Amino acid sequence: MLGPGPAVRMTIENDDHAGRHHRLASGDVLPLFDSLFGVALTLLAFSVPDQLMSAMDAERLRLTILTYLLTGVAIVVYWYKLRRSIEMTRTLLVPQLLLGMVSLLLIVMMPTLAQLVVVYGGGAGDWSNWTPAMVANSSFLTALALFDGICLLYVFSLRRHPYVRERDRTQLSVRLKIQLLGFCVLMSLGLLELASDAFNNEFVLLVPIVLLGEEWLLARRLDRP
């Protein structure tokens, strides 16, 4: 049997080359991914201004330390969530590459946003009164919510991904439901931040609890026989 002609073979090779140009193996992406998360955690440890720390009373200092500690917890949980999804992908196509790049841009902003919350986040404000505290707190919560939304969209993009193993595909619906629940909780915190001046930087303490609860619930669901 005769094979395809030269023109047909050339078209197939060109299509295959175009496909390879817009994909990356997860093993090639993970080193950069891990490095940037490591940089974000390192910058977080050095982002509290010295002059601010020296001017704080004991209560404000405790809140600052707790804020940075729980922000670090949130970054680690996000690293774990997205890294696990990237490993499941095996080969990242255009949707996964775009979501991954946006996530890396967001994560390197976290230390600066946390610093703004420490400096300005203690004041009052709501949707009708955009004080510096309101802007700092809302910006940080928006970044956290966007990152959680990226994790959710990434898992959703894997539902018909050709490189996901069949045994991993069976877990996607469970992951989507639980991550959607966590995302809705974060959105509720955002509405409270905008609606009331009684709820300001408390969300910084609550977001890591929501993320850890999400991972605990997911582990329980996936461990069921």
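A pocket, on a 1 Å grid over the protein atoms alone, is an open set of points where a 1.4 Å probe fits, with protein on both sides within 12 Å along at least five of seven lines, and its lining residues have an atom within 4 Å of a point. The model is predicted, so local features need pLDDT of at least 70 and side-chain atom pairs count only at pLDDT 80 or more, whereas totals for chains, interfaces and linings use all residues. Residues are numbered from 1 along each chain as its sequence is written, and side-chain values use heavy atoms, with hydrogens and water left out.

**Exercise 1. Describe the largest pocket and say which helix supplies the largest share of its lining.**

Step 1. The space in the largest pocket is about 170 Å³, a volume being the space filled by probe spheres set on grid points that are joined across faces, edges and corners.

Step 2. Its lining consists of Leu24, Asp28, Val29, Leu32, Phe33, Ile86, Leu92, Gln96, Leu97, Gly100, Met101 and Leu104.

Step 3. By class, nine of these residues are nonpolar, two are polar and one is charged, where Ala, Val, Leu, Ile, Met, Phe, Trp, Tyr, Cys and Pro count as nonpolar, Asp, Glu, Lys and Arg as charged, and the others, Gly among them, as polar.

Step 4. Helix H2 (26-45) and H5 each supply at least two lining residues, and the largest share, five residues, comes from H5. Helices (H or I, at least four residues) and strands (E, at least two) are DSSP runs, numbered from the N terminus.

**Exercise 2. Compare the spans of H5 and H4 with expectation, and examine where H5 bends.**

Step 1. The expected span of a helix is 1.5 Å times one less than its number of residues.

Step 2. Helix H5 (residues 94-120) has 27 residues and should therefore span 39 Å, which agrees with the 38 Å between its end C-alpha atoms.

Step 3. At Met110, H5 bends by about 40°, with a proline, Pro111, following within four residues; the bend is the angle between axes fitted to the seven residues ending at a residue and the seven starting there.

Step 4. Helix H4 (residues 58-89), with 32 residues, reaches 47 Å from its first C-alpha to its last, close to the expected 46 Å.

**Exercise 3. What is notable about phi of Arg90, and where does this residue lie?**

Step 1. Arg90 follows H4 and is placed in the loop between H4 and strand S2 (91-92).

Step 2. Its phi is near 70°, a positive value in a residue other than glycine. Most residues other than glycine have a negative phi.

Step 3. Arg90 counts as partly exposed because its relative accessibility is 34%, on a scale where buried means under 20% relative accessible area, exposed over 50% and partly exposed in between (1.4 Å probe, protein chains only).

**Exercise 4. Within helix H8 (residues 172-195), are Gln179 and Leu191 buried or exposed?**

Step 1. Gln179, in H8, is buried because its relative accessibility is 3%.

Step 2. Leaving aside neighbours within four places in sequence, Gln179 is in contact (heavy atoms within 4.5 Å) with Lys81, Asp148, Cys151, Leu152, Val155 and Glu214.

Step 3. Leu191, also found in H8, is exposed because its relative accessible area is 58%. Its C-alpha atom is separated by 9.8 Å from that of Ser138, 53 residues apart along the chain.
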